[in-house]
Amino acid sequence: MSKAPNAADKEVGRRIRLQRREKKLTQPQLAHYVGITSQQLQKYESGINRIAVGKLVEIATVLKVEMTVFFDRIPTVTPSNDNDIESAKFDLTHDALLMSTAFMRISKPALRKRLLELVQTVAAKEAEIGLQMDELRPQPVQQPAE
């Protein structure tokens, strides 16, 4: 699996730079606040290096922006491995990112666990109902061969 930055990594870097400039911070200032060198920040912003999620969370916190700012309408990229897995079609929607960001702000582990159980239950019920609805749909009648 390739660890080289792809189009999405480069877009996230571009958005970091835009947010930093909007907040009127220099690269050395932002780098200092998140505990990296200004050279490393420059590599993130230019898309030369990939950025770890934890570091991206720190950057978002310093810039006082939601994580979704970095991902909203991010370009689709081809998976960097050769596995032909159908489930690799994972789409990070705007709503999923908003939900994830809000979920991570919940400080009580027990509450987060209960919410996760709720969402899993709703998803399972919807899938179950969907299967039942498929069973109820009329099947096409096959015409006898002439």
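A cavity here is a set of grid points where a 1.4 Å probe fits but cannot get out. Searching the whole of this structure, which is a predicted model, turns up one such cavity of 30 Å³ or more. Welcome to a short tour of that space, of the helix pair α1 and α3, and of two residues in α1, Asp-9 and Arg-14.

**The cavity**

- Rolling a probe the size of a water molecule over the atoms shows where empty space is left.
- The largest cavity holds about 40 Å³ of space.
- Its lining is made up of Asp-9, Val-12, Gly-13, Ile-16, Tyr-44, Asn-49, Arg-50 and Ile-51.
- Helix α1 is the biggest contributor to the lining of the largest cavity, giving four residues.
- Sorted by class, this lining has four nonpolar residues, along with two polar and two charged ones.

**Where α1 meets α3**

- Helix α1 covers residues 7-22 and helix α3 covers residues 38-46; the two pack at an angle of about 120°, and their axes are 6 Å apart.
- On the α1 side, the residues in contact are Gly-13, Arg-14, Ile-16, Arg-17 and Arg-20, and on the α3 side they are Leu-41, Tyr-44, Glu-45 and Ser-46.
- Four of the residues in this contact of α1 with α3 are charged, three are nonpolar and two are polar.
- Gly-13, Ile-16 and Tyr-44 take part in the contact between the helices, and they also appear in the lining of the largest cavity.

**Asp-9, a residue of the cavity lining**

- Asp-9 is found in helix α1 and is among the residues that line the largest cavity.
- Asp-9 counts as buried because its relative accessibility is 17%, and the cut-off for buried is under 20%.
- The backbone nitrogen of Asn-6 is reached by the side chain of Asp-9 at 2.8 Å.
- Leaving aside residues up to four places away in sequence, Asp-9 touches Ala-4 and Arg-50; Arg-50 is another of the residues lining the cavity.

**Arg-14, a residue of the helix contact**

- Arg-14 also sits in helix α1, and it is one of the residues that meet α3.
- With a relative accessibility of 35%, Arg-14 counts as partly exposed, because that value falls between the 20% limit for buried and the 50% limit for exposed.
- Along the sequence, Arg-14 and Glu-45 are 31 residues apart, yet in space they are 5.4 Å apart, C-alpha to C-alpha.
- The side chains of Arg-14 and Glu-11 are joined by a polar contact of 2.6 Å.

Methods:
Residues numbered from 1 in each chain as written. Predicted model: local features only at pLDDT ≥ 70, side-chain atom pairs only at ≥ 80, totals over all residues. Heavy atoms only, no water. Axes fitted to C-alpha atoms, helices over the stretch in contact; angles between N-to-C directions. Contact = heavy atoms within 4.5 Å. Nonpolar A, V, L, I, M, F, W, Y, C, P; charged D, E, K, R; others polar. 1 Å grid on protein atoms, 1.4 Å probe; cavity = no way out; pocket = protein on both sides within 12 Å on 5 of 7 lines; lining within 4 Å. Points joined across faces, edges and corners; volume = space filled by probe spheres on them. Buried < 20%, exposed > 50% of the residue type's maximum accessible area, 1.4 Å probe, protein only. Polar contact = N/O pair within 3.5 Å; in protein donor to acceptor, adjacent residues only side chain to side chain.
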